[in-house]
Amino acid sequence: METARRHDIDWLRVIAIGLLLIYHIAIVFQPWALFIGFIRSDELLEGLWKPMSLINVWRIPFLFFVSGMGVYFAMQKRNIKQLLLDRSKRILVPYLFGIVAIVPLHFLLFQNYYNQPLHYFAHPAHLWFLGNIVIYISILFPFFFQLIKKPEGKFRRSLEKMMRNPLGPLAILPFFILEVLLVQPDVFALYAQTLHGYAIGFLAFFFGFLMVYVGKSFWQVLLKWHGLYLALALGMGLLRISILEAHFTNALMAVESNLWILGIFGLGYKYLNRPSKSLSYLSESAYPIYIIHMFVLYAVASWVLKLSLDPHLKFALSVLLTLAGCLLIFELIIKRIPLLRPLFGMKYQRAQKAK
């Protein structure tokens with residue numbers, strides 16, 4: 001079983017959250033942005049949506065896989081009580097704090113931009129992801145602990161044997177195909193607070209745990225075959241966004257999604273499994289940035305969209321300013337105020353130590 005810290009998983013989590021930020025900024029320049037509560041630019045960049053569509057089928061399931069892996073590593077030195085307390089501090093507290101103190105900020109920025117009456121009702125907004133994780137942990141932790149208690153049990157040995165085959169990792173595909181056949185989502189990439197989102201997140205979280213539980217045999221297969229997985233995923237993705245989009249079924253998207261995910265994990269395992277000072281900083285800042293990025297994005301968009309610039313420059317400027325704004329808030333406020341740190345999923349530290 002995996003016990004050492006996996007730097008590649010940390011890097012991939014950071015990269016996925018970075019892509020999420022860019023993805024949300026791209027929505028600002030789409031004609032349907034208002035329908036999902038985003039500030040919308042009058043000058044559209046619909047061409048941006050082609051590359052965004054390539055990542056849209058895997059970006060959220062990927063983060064659920066990573067979250068399941070994170071729970072596995074969190075369990076290595078914790079009993080049941082300690083795990084639940086740790087996850088409550090790291091996930092439930094920021095989730096509830098975000099609903100009360102963070103989400104209202106971007107709601108109010110949106111209303112102010114469109115001269116609407118200012119009001120707010122409790123809503124998770126982009127933090128819905130954290131609410132899902134709380135549910136999954138609550139349901140699965142008894143089963144996970146049974147697996148941890150039997151590291152050389154029959155179940156793990158069977159998994160390890162199956163995963164030595166290049167087709168082994170593809171054994172997860174039928175579960176995701178069955179999910180979309182049963183749930184029948186209208187839009188595959190509509191994950192937030194939908195039955196499909198809860199179901200696909202549950203599967204990804206569960207299999208993410210198993211991926212590190214099964215041990216190196218699984219990762220050695222990904223190391224060897226990740227190029228094939230990525231080539232198949234890219235081929236399916238290009239077909240989908242070019243000529244077959246209207247006829248691409250949810251089942252095919254489920255296959256494409258998981259091929260991307262398996263290939264990316266293999267690529268990360270090959271090139272990113274090494275520590276660095278940059279990773280330490282980015283890994284610490286990624287979670288707080290995820291929590292605050294929407295209100296920073298709305299604040300930036302409220303100003304940038306009024307400038308007399310080419311829309312491509314507006315998009316690039318929005319990305320740079322949103323990232324810079326998030327990093328500044330993290331570095332100068334969240335990181336350095338001891339009482340704020342736990343509210344953003346960070347460990348409490350006295351001011352002098354944090355500095």
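## A quick tour of an all-helix chain

Leu96 lies in helix H4, and that is a fair place to start, since helices set the scene here. What you're looking at is a predicted model. The protein chain has 13 helices and zero strands. The pattern along the sequence therefore reads α-α-α-α-α-α-α-α-α-α-α-α-α, with each α standing for a helix.

**Overall build**

- The protein chain has 355 residues, and a compact globule with that many would have a radius of gyration near 20 Å; the chain comes in at 21 Å, so the two agree.
- If you lay the C-alpha trace along its principal axes, the protein chain spans about 60 × 55 × 35 Å.
- Buried residues make up 53% of the 355 residues in the chain.
- Take the contacts in the protein chain with a separation of 6 or more: 76% of them are between residues 24 or more positions apart.

**Surface and charge**

- The protein chain has an accessible surface of about 17,100 Å².
- Carbon and sulfur atoms account for 67% of that accessible surface.
- On the charge side, the protein chain carries 34 positive and 16 negative charges.
- The mean positions of those positive and negative charges sit 13 Å apart.

**How confident the prediction is**

- The average pLDDT of the protein chain is 92, and 96% of the residues score at least 70.
- Residues 351-355 are another story, with a pLDDT below 50.
- Beyond near neighbours in sequence, that 351-355 stretch has seven contacts in the model.

**Leu96, on helix H4**

- Back to our opening residue: Leu96 has a relative accessible area of 46%, so it counts as partly exposed.
- Leu96 and Asn56 are 40 residues apart in sequence, and their C-alpha atoms are 27 Å apart in space.

**Tyr229, on helix H9**

- Tyr229 belongs to helix H9, which covers residues 216-242.
- With a relative accessible area of 2%, Tyr229 is buried, because buried means under 20%.
- Leave out residues up to four places away in sequence, and Tyr229 still touches Pro166, Pro169, Leu170, Val221, Leu222, Leu259, Leu262 and Gly263.
- Tyr229 and Tyr269 are 40 residues apart in sequence, with 14 Å between their C-alpha atoms.

**Two residues in the H4–H5 loop**

- Asn115 sits in the loop between helix H4 (80-113) and helix H5 (128-149).
- Ala125 has its place in the loop between H4 and H5 too.
- The phi of Asn115 is near 55 degrees, a positive value in a residue other than glycine.
- Ala125 isn't a glycine either, yet its phi is positive, at about 50 degrees.
- Which is buried and which is exposed? Asn115 is exposed, with a relative accessible area of 71%, whereas Ala125 is buried, with a relative accessible area of 16%.

**Glu46, between H1 and H2**

- Glu46 is found in the loop that runs between helix H1 (7-28) and helix H2 (49-56).
- Setting aside residues up to four places away in sequence, Glu46 touches Phe29, Gln30 and Pro31.
- From Glu46 to Pro31 is 15 residues in sequence, and 7.7 Å in space from C-alpha to C-alpha.

**Gln349, towards the end of the chain**

- Gln349 is in the loop between helix H12 (311-334) and helix H13 (351-354).
- Its relative accessible area is 23%, so Gln349 is partly exposed.
- Gln349 and Pro338 are eleven residues apart along the chain, with their C-alpha atoms separated by 5.5 Å.

Notes: Residues numbered from 1 in each chain as written. Predicted model: local features only at pLDDT ≥ 70, side-chain atom pairs only at ≥ 80, totals over all residues. Heavy atoms only, no water. Helix = DSSP H or I, 4+ residues; strand = E, 2+ residues; numbered from the N terminus. Rg over C-alpha atoms; globule rule 2.2 N^0.38 Å. Buried < 20%, exposed > 50% of the residue type's maximum accessible area, 1.4 Å probe, protein only. Contact = heavy atoms within 4.5 Å. Areas by Shrake-Rupley, 256 points an atom, 1.4 Å probe, with all protein chains shown as cover. Lys, Arg positive; Asp, Glu negative; His and termini not counted. Charge placed at Lys NZ, Arg CZ, Asp CG, Glu CD. pLDDT = per-residue confidence, 0-100.
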